[in-house]
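Student: I should like a close look at one part of this structure, the sheet and what packs around it. Please take me through it in one connected account.

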Amino acid sequence: MSRRPEHSAPPEIFYNDDEAKKYSTNTRIIEIQVEMAERALELLALPDDDESRLILDIGCGSGLSGSVLEDSDHMWVGIDISKSMLDIAVERQVTGDVILGDMGEGMPFKPGTFDGAISISALQWLCNADKSYHNPHKRLLKFFSTLFSCLTRTARAVFQFYPENSDQIEMVTSQAMKAGFYGGLVVDYPNSTKAKKYYLVLMTGGAAELPQALGSPEEERRVNYIKKRDACRDARGKAPKKSRDWILAKKERRRRQGLETRPDTKYTARKRSGRF
C-alpha cells in the first residue's frame, strides 16, 4: 500500500517546487482535480440566477479548482500553505487572488465575505499533528469556526477529502458541528474501490436534506451536471467553453480586473496545427 502524503511530511514541505510542478502538469491528476471541483461546485447548490458569486477555495494549490469556478463565471479567492503551489498559480495567471496561509490557524477574512467555499484534497491534512504543539481537534475547530464566520448565512461549504479511517470522519464532522455547521457526508460511488469519493457538505443556514450521492439507485434519475450546466449556458446565450467568444470574454474579464492579458489577434483561439 502506498504511503499517504500527509504521513510523509507537512504539506508546506511535501509540496515543494518539484512536487508542485508534477501535481500541476500531470494530465491525469488535473483531470481528477477538475472532476472533483465540478462535483463540489454542484454540491454547493448555488442559485441558478446567472449571478456571479464570491467563492473561497481552501487548499487552492496551483488554481486548478479555481479555474472551474472561473469557468462558471464565479469570482474566487484561494488560500494554501504551499508557497510553491501558489507560485505556479501566479505563473498560470489565475484570475482569483491567492493567499499563503495555514488552514489550522483559521481563515483571515471578515464575517459574511463569501457566498460559498470548496476544498479539494486538503481537509485530511488537518487530522495530523505535524508539529509538537499541533492538536488536530483544536486546529479543526479553529478552522471551522472562522470559516463559519466568513460565510454568509445561506452559504454552503463542500470538502472533498480522503479520510484515513472512520475515526477521522468522526473527528472532522464533530468539530464542524461544534463550530455551528449543519450537514453531513455524501459518499459518491460507495461500492467502488477506485471511484469512491467523500464529500463533507456543510450548511450555515440550518439543517437541510443532503444532496443525493452518485452511484446510488436514484442516480439513474439524475441529469448529468456537466451536460446540464452546458445546456443552461447555451440557453442563456453564452458562448460554448473554449470557443473564440468564450476566450475573448475571459480575457476581457481579466482586463477589467487589471490583470496582465495578451492582446487579441486574428490568431486568438485558433487551433494549432498538429505539426507543433
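**The sheet and its surroundings**

Tutor: In this predicted model, Phe-161 stands opposite Tyr-198 in strand E7. The pairing to which these two residues belong joins strand E5 (residues 156–161) to E7 (residues 197–203) in the antiparallel sense, over six bridges. In general, the strands of a sheet pair through backbone hydrogen bonds, either parallel or antiparallel.

The wider setting is an open sheet of seven strands, whose order is E3-E2-E1-E4-E5-E7-E6 and whose pairing is mixed. Because E3 and strand E6 (182–188) stand at the edges with a single partner strand each, one side of each is left without a neighbour in the sheet. From one strand to the next, the twist averages 15°.

At the E3 edge, the pairing is of the parallel sense: strand E2 (residues 75–80) and E3 (residues 97–100) are joined over four bridges. Within this pair, Val-77 stands opposite Asp-97 in E3. Together with helix H6 (residues 83–91), E2 and E3 make a β-α-β unit that is right-handed. H6 packs on the sheet, where it touches E2 and E3, and its direction makes about 165° with that of E3.

The loop between H6 and E3 contains Val-94. This residue has a relative accessible area of 12%, and because the cut-off for burial is under 20%, Val-94 counts as buried. Beyond residues up to four places away in sequence, Val-94 touches Ser-62, Gly-63, Trp-76, Ala-89, Arg-254 and Leu-259. Val-94 also lies 7.7 Å from Gly-66, C-alpha to C-alpha, although the two are 28 residues apart in sequence.

Gly-66 leads to helix H5, being one of its buried residues. H5 (residues 64–71) has eight of its eight residues buried, and is therefore largely enclosed by the rest of the structure. The buried residues include the charged side chains Glu-70 and Asp-71, together with Leu-64, Val-68 and Leu-69. After H5 comes Asp-73, whose phi is positive, near 70°.

A second buried position is offered by helix H7 (residues 136–150), in which Leu-140 is found. The relative accessible area of Leu-140 is 0%, so this residue is buried. Its contacts, leaving aside neighbours within four places in sequence, are Leu-123, Leu-126, Met-171, Val-172 and Gln-175. Leu-140 and Thr-173 are 33 residues apart along the chain, while their C-alpha atoms are separated by 9.6 Å.

A pair of helices completes the account. Helix H3 (residues 17–25) and helix H4 (residues 27–44) pack with their axes 5 Å apart and at an angle of about 70°, which means that H3 is roughly perpendicular to H4. Lys-22, Tyr-23, Ser-24 and Thr-25 in H3 meet Thr-27, Ile-29, Ile-30 and Gln-33 in H4. By class, this contact has three nonpolar, four polar and one charged residues.

For the protein chain as a whole, the secondary structure comes to ten helices and seven strands. Of the 276 residues in the chain, 45% are buried. Among contacts with a separation of 6 or more, 66% are between residues 24 or more positions apart.

Terms used:
Residues numbered from 1 in each chain as written. Predicted model: local features only at pLDDT ≥ 70, side-chain atom pairs only at ≥ 80, totals over all residues. Heavy atoms only, no water. Pairing = 2+ DSSP bridges. Right-handed = clockwise from strand over helix to strand, strands pointing away. Axes fitted to C-alpha atoms, helices over the stretch in contact; angles between N-to-C directions. Contact = heavy atoms within 4.5 Å. Buried < 20%, exposed > 50% of the residue type's maximum accessible area, 1.4 Å probe, protein only. Parallel < 35°, antiparallel > 145°, perpendicular 65-115°, else oblique.
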